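I opened my notebook to go through one structure step by step. I wanted to see what lies inside and how some of its parts meet.

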Amino acid sequence: MAQDVMQVETDVLVIGSGGAGMYAAVEAARLGANVFLLDRSLIGRGGATVMAQMTVAVALGSETPDHWSHHLDDTLAAGRGLCSEPLSRLLCEEGPACILQMEEWGIGWARRDGRITQAMAPGHDRPRCVYVDFLNTGPAVSKTLRTVVNKTGGIRKAGDLCIVDLVRQDDAVVGAVALHLGSGAPVIISAKATIVATGGLTRLYRRNSASSNMGGDGYALALRAGAPLIDMEFVQFFPIGHLAPRLVGMDPIMWDPFRYKLGGRLLNNRGEEFAYRYGVAEDGKYTLTRDVATYGILKEVEAGRGSPHGGVFLSFEHCSEAALREAFGPVIDRLAANNIDLTRMPVEVAPIAHYHMGGVQADVRMQTEVPGLLVAGEAVGGANGANRLSGNAITEALVFGREAGRSAAARAKRTRAQPLRPEALAGALDLIRADAPARPLNTAEMVLRLQTTMADDVGPLRDATKLTRALATIDDLTHDLGERPAGDGGAFDLVRLDWLDLRNMLVVARAVASAALARTESRGAHQREDHPAMLDRWQVNQAVRWRNGHLDVAAQPAASLAAAQ
Ligand SMILES: Cc1cc2nc3c(=O)[nH]c(=O)nc-3n(C[C@H](O)[C@H](O)[C@H](O)COP(=O)(O)OP(=O)(O)OC[C@H]3O[C@@H](n4cnc5c(N)ncnc54)[C@H](O)[C@@H]3O)c2cc1C
């Protein structure tokens with residue numbers, strides 16, 4: 001299908017407009033760069049940031065004395081020995097400055113007696129999490145940044161642009177090729193610096209907490225452009241995703257704020273609080289970190305002590321209606337509309353794919369191994385090691401976004417724009433403009449098959465048999481997908497978009513499953529049933545590289561790239 005090609009030139013291209021992308025765009029523009037901020041969704045309304053609920057971890061010490069080094073100690077402990085320490089340090093040390101900048105920009109962090117309130121969260125040694133309110137912190141972060149983006153000169157914005165591939169020329173990334181979803185036309189963007197801020201990969205899993213544009217595009221884009229990924233085996237499952245009864249109009253991870261405020265009891269089908277079996281006696285409090293809670297819940301289910309729908313119970317029956325209403329006001333009415341009365345009944349919860357600890361390997365300036373390619377936010381691997389603490393992800397998005405914006409602006413100042421050569425663009429343009437193939441493909445069914453495989457065989461509890469079976473299914477699906485895109489490539493062609501998404505999802509799924517198969521130990525979010533011990537010799541990160549169309553997984557000393565800078 002012949003279509004006009006639009007061309008855009010910019011100093012800095014930012015791919016993805018979540019917290020990381022918007023902060024990066026503002027910082028780069030503030031330092032004098034021309035910025036093109038694009039998103040496959042609407043600007044500032046796709047991805048995870050706008051869905052985040054409550055906690056933002058930062059050592060402000062506004063109510064209880066704190067220091068970033070305490071936050072770092074907790075982050076490293078949660079990461080089970082695998083954090084890329086320079087990145088973790090950056091997150092913790094620079095967190096306060098970004099959080100205070102957000103306050104200056106008008107976010108309105110919740111306050112008590114004039115001081116910014118900080119809540120306790122599992123794995124933190126003191127109250128450290130700021131919030132706007134208990135269900136709407138993410139929307140407030142997004143709205144604040146959207147407003148600043150709109151007020152900042154030098155930022156052009158475009159939604160409905162999905163990046164299909166980065167453009168690599170003379171060993172550097174010099175821009176990207178996008179598909180305009182509304183017309184099916186290609187858009188070529190030339191940039192002196194490109195920031196991948198595309199968020200995580202949880203769409204790979206059947207039950208997930210994120211939006212449908214979180215299929216791990218950025219990881220696949222970076223891999224194909226030559227940048228390594230690290231820690232891909234560490235997918236975080238949110239332990240208490242809502243399972244039953246049916247809940248309409250609310251987020252599946254909505255129970256976390258209830259637990260922050262009221263504790264709540266996690267019970268098996270005998271009515272027992274079972275956390276003590278897995279190392280922590282909760283006794284109505286909320287202290288289990290996410291990796292341990294996920295493990296405990298799945299083990300209770302496996303032992304036949306689960307709830308009817310395959311999870312466990314979360315109960316607030318010991319709380320009075322007045323206490324619940326005081327804590328959650330109108331949310332109680334929304335639950336009532338779903339026939340849920342927390343004073344009389346527990347709900348069923350089970351782990352749900354939520355966040356990715358792994359990602360593109362970067363140094364503390366958010367530079368990858370490939371000149372011209374930077375990363376930010378959840379797309380970056382390593383800061384949280386084998387397990388992320390509650391609240392670290394929004395802070396990571398803001399801090400890493402700011403850093404990436406600075407580095408990109410600096411690169412743009414010292415770099416001349418490169419004319420893009422046709423051979424560097426041809427592959428992506430062909431995929432966008434290809435005619436419909438004779439053989440129809442049920443891409444929606446293929447997405448579901450991949451998600452089911454990942455959930456069943458590459459979930460929190462793994463073994464060699466399951467992982468090998470998952471890799472065989474990924475092989476089959478890759479073969480079925482073929483080289484030529486499905487769909488006719490016209491306006492809003494969702495089949496072509498599914499095909500392009502699957503092209504990325506299959507590569508990323510392979511990276512997760514291969515790294516999980518190679519790591520023959522259990523650590524944090526990666527639990528191997530056939531290798532249950534955590535082993536000293538595995539205190540190494542694994543890097544995944546793309547070599548001649550294949551993935552190569554290799555162990556490397558922890559944080560080697562970050563430490564080398
Ligand atoms: C329901 C939910 C609740 C959460 N609650 C919390 C919390 O309370 N505290 C906390 O710290 N963390 C929380 N998290 C995690 C946190 O929100 C994310 O890790 C963080 O917001 C990621 O920010 P980001 O900017 O890196 O990515 P995102 O905000 O995910 O943004 C990525 C953007 O990239 C775009 N994109 C992707 N691929 C392409 C492409 N090919 N071309 C163009 N654009 C593309 C997407 O459309 C999206 O807009 C939560 C996550 C979820 C899903």
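These entries follow what I looked up, one topic at a time.

**Entry 1: the model.** I noted at the start that this is a predicted model.

**Entry 2: the core.** I began with the largest nonpolar core. Which of its 133 residues touch the most other members? I found Val12, Ile195, Met232 and Leu450. Then I checked which helix gives the most to this core. Helix H14, residues 494-518, does so, with 14 residues. Apart from the largest core lies another one, of 38 residues. Met250, Phe274, Cys319 and Leu342 are among its members.

**Entry 3: Val12.** I picked Val12 for a closer look and left out residues up to four places away in sequence. Its contacts include Ala28, Ala33, Asn34, Val35 and Phe36. Val12 also touches Ala193 and Ile195. Further along the sequence, I listed Ala408, Ala409 and Ala412.

**Entry 4: two helices.** Next I turned to H14 and its packing with helix H13, residues 464-481. Their axes are 10 Å apart, at an angle of about 155°. Are they roughly parallel or antiparallel? An angle over 145 degrees counts as roughly antiparallel, so H13 is roughly antiparallel to H14. The crossing of H13 past H14 is left-handed.

I then looked at who meets whom. On the H13 side I noted Leu467, Leu471, Ile474 and Leu481, among others. On the H14 side, the residues include Trp499, Leu502, Leu506 and Ala513. How many residues of each class does this contact have? I wrote down 13 nonpolar, 3 polar and 3 charged residues. Among the residues in the contact are Asp475 in H13, and Arg503 and Arg510 in H14.

**Entry 5: helix H6.** Is H6, residues 255-262, mostly covered or mostly open? It is mostly covered, with 6 of its 8 residues buried. The buried ones are Trp255, Asp256, Pro257, Phe258, Arg259 and Tyr260. After H6 comes Gly263. Its phi is positive, near 80°.

**Entry 6: Cys83.** Where is Cys83 found? I traced Cys83 to the loop between helix H2 (68-78) and helix H3 (85-104). Is Cys83 buried or exposed? Its relative accessible area is 8%, and buried means under 20%, so Cys83 is buried.

I left aside its neighbours within four places in sequence and listed its contacts. Cys83 is in contact with Thr75, Leu76 and Ser88. Gly382, Ala383, Asn384 and Gly385 are also in contact with Cys83. Last, I checked Cys83 against Asp231. They are 148 residues apart in sequence, yet 9.4 Å apart in space, C-alpha to C-alpha.

How values were computed
Residues are numbered from 1 along each chain as its sequence is written. This is a predicted model: local features need pLDDT of at least 70, side-chain atom pairs count only at pLDDT 80 or more; totals for chains, interfaces and linings use all residues. Side-chain values use heavy atoms; hydrogens and water are left out. A nonpolar core is a set of buried Ala, Val, Leu, Ile, Met, Phe, Trp, Tyr and Cys residues joined through side-chain atoms within 4.5 Å. Buried means under 20% relative accessible area, exposed over 50%, partly exposed in between (1.4 Å probe, protein chains only). Helices (H or I, at least four residues) and strands (E, at least two) are DSSP runs, numbered from the N terminus. Contact means heavy atoms within 4.5 Å. Axes are lines fitted to C-alpha atoms, for helices over the stretch in contact, and angles run from 0 to 180 degrees between N-to-C directions. Angles under 35 degrees count as roughly parallel, over 145 as roughly antiparallel, 65 to 115 as roughly perpendicular and the rest as oblique. A crossing is left-handed if the near helix is turned anticlockwise from the far one by less than a right angle, and right-handed if clockwise. Ala, Val, Leu, Ile, Met, Phe, Trp, Tyr, Cys and Pro count as nonpolar, Asp, Glu, Lys and Arg as charged, and the others, Gly among them, as polar.
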